[in-house]
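Here are my notes on the model you sent over. I've kept them as numbered points so you can check each one against the coordinates.

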Amino acid sequence: MKVSETGLPGVLLLEPARFGDARGFFSESWNRRTLAQHGIGIDFVQDNHSLSAQAGTVRGLHFQSPPHAQAKLVRCGRGCLFDVAVDIRRGSPTYGKWVGYELSFENGRQLLIPEGFLHGFVTREPDTEICYKCSDYYAPDCDGAVRFDDPDLAIDWRLKGEAILSDKDRTAPLFRDFDSPFIHEVRT
Ligand SMILES: Cc1cn([C@H]2C[C@H](O)[C@@H](COP(=O)(O)OP(=O)(O)O[C@H]3O[C@@H](C)C(=O)[C@@H](O)[C@H]3O)O2)c(=O)[nH]c1=O
């Protein structure tokens, strides 16, 4: 397992080992002990899986507020997607900054997104599946969103045409009108 830091402290890129043979490959997609050896001790309680039929489908940018904030460990089960995390911890030196990585069935990469970040993705291929572990249960009352194409966030989604969106995501608030429930904790 290779673990790399990203431009946002706490957001990590994980590359689990793959063991290829004549049949295909084997890979441990999640191993609590291996992650603990890398200092990642998140207690995941829910696995999510969604399919997006068309390339250019955007889901996000989403979060759940405390007390049901979620850390997420994201991977692509089929196809290819561009996965994005945005720091929304007020007072953070990287508040409003984003990172994005291509996660695909081919590359097997995973993105670890802690609490206090927006999460979203765009699919690059038809019939793309995303699988992610969450550290808290779905809590619709704590569900929130920010517009994926917000001009202040200026995320480069590299979309070729119009994004395919849910009604919720189409009407999400702009970042400047968004009152983040997260505060950056300074560790001494
Ligand atoms: C997220 C979620 C949704 N649902 C239901 C609610 C709704 O009827 C249906 C579709 O929900 P949504 O439109 O919110 O699904 P989607 O737009 O895929 O939402 C997801 O987007 C990505 C980017 C995330 O990071 C996730 O946390 C989640 O917010 O599924 C659950 O039952 N459990 C869940 O955990």
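1. D47 has its bridge partner in strand 13, and that partner is K133. The pair belongs to a longer ladder: strand 5 and strand 13 (residues 128-134) run antiparallel to each other over seven bridges. Bear in mind that this is a predicted model.

2. Zooming out, what is the strand order of the open sheet? Going across, it reads 1-2-11-7-13-5, six strands with antiparallel pairing. Strand 1 (2-5) and strand 5 are the edges, each pairing on one side only. On average, neighbouring strands in this sheet are turned by 25 degrees against each other, if you ignore direction. As a reminder, strands of a sheet pair through backbone hydrogen bonds, either parallel or antiparallel.

3. On to the ligand. The residues around it are N48, S50, R59, G60, H62, H119, G120, F121, Y138, S166 and K168. Strand 5 (46-52), strand 6 (58-64) and strand 12 (117-123) are the elements that give two or more residues each to this shell. So edge strand 5 of the sheet also turns up in the ligand shell. By class, the shell splits into seven polar, two charged and two nonpolar residues.

4. Which residues does the UniProt "active site" annotation cover? According to that record, an unreviewed entry, they are H62 and Y132. The two are spread over 71 residues of sequence but cluster in space, with a largest C-alpha distance of 13.5 Å.

5. Take H62, which sits in strand 6 and is also one of the residues around the ligand. Is H62 buried or partly exposed? It has 19 other C-beta atoms within 10 Å, and buried needs 20 or more, so H62 counts as partly exposed. Setting aside neighbours within four places in sequence, H62 is in contact with L118, H119, G120 and A145. Of these contacts, H119 and G120 are also listed around the ligand.

6. Now Y132, which is found in strand 13, the strand that pairs with strand 5. Y132 counts as buried because it has 23 C-beta neighbours inside 10 Å, against a cut-off of 20 or more. Leaving out neighbours within four places in sequence, Y132 is in contact with N48, K72, L73, V74 and R75. Here N48 is worth a look on screen: it is a contact of Y132 and one of the residues around the ligand.

Technical notes: Residues numbered from 1 in each chain as written. Predicted model: local features only at pLDDT ≥ 70, side-chain atom pairs only at ≥ 80, totals over all residues. Near = placed C-beta within 6 Å. Helix = DSSP H or I, 4+ residues; strand = E, 2+ residues; numbered from the N terminus. Nonpolar A, V, L, I, M, F, W, Y, C, P; charged D, E, K, R; others polar. Pairing = 2+ DSSP bridges. Axes fitted to C-alpha atoms, helices over the stretch in contact; angles between N-to-C directions. UniProt positions renumbered as here; feature names shortened; annotations may be inferred. Buried ≥ 20, exposed ≤ 12 C-beta atoms within 10 Å, placed from the backbone. Contact = placed C-beta atoms within 7 Å.
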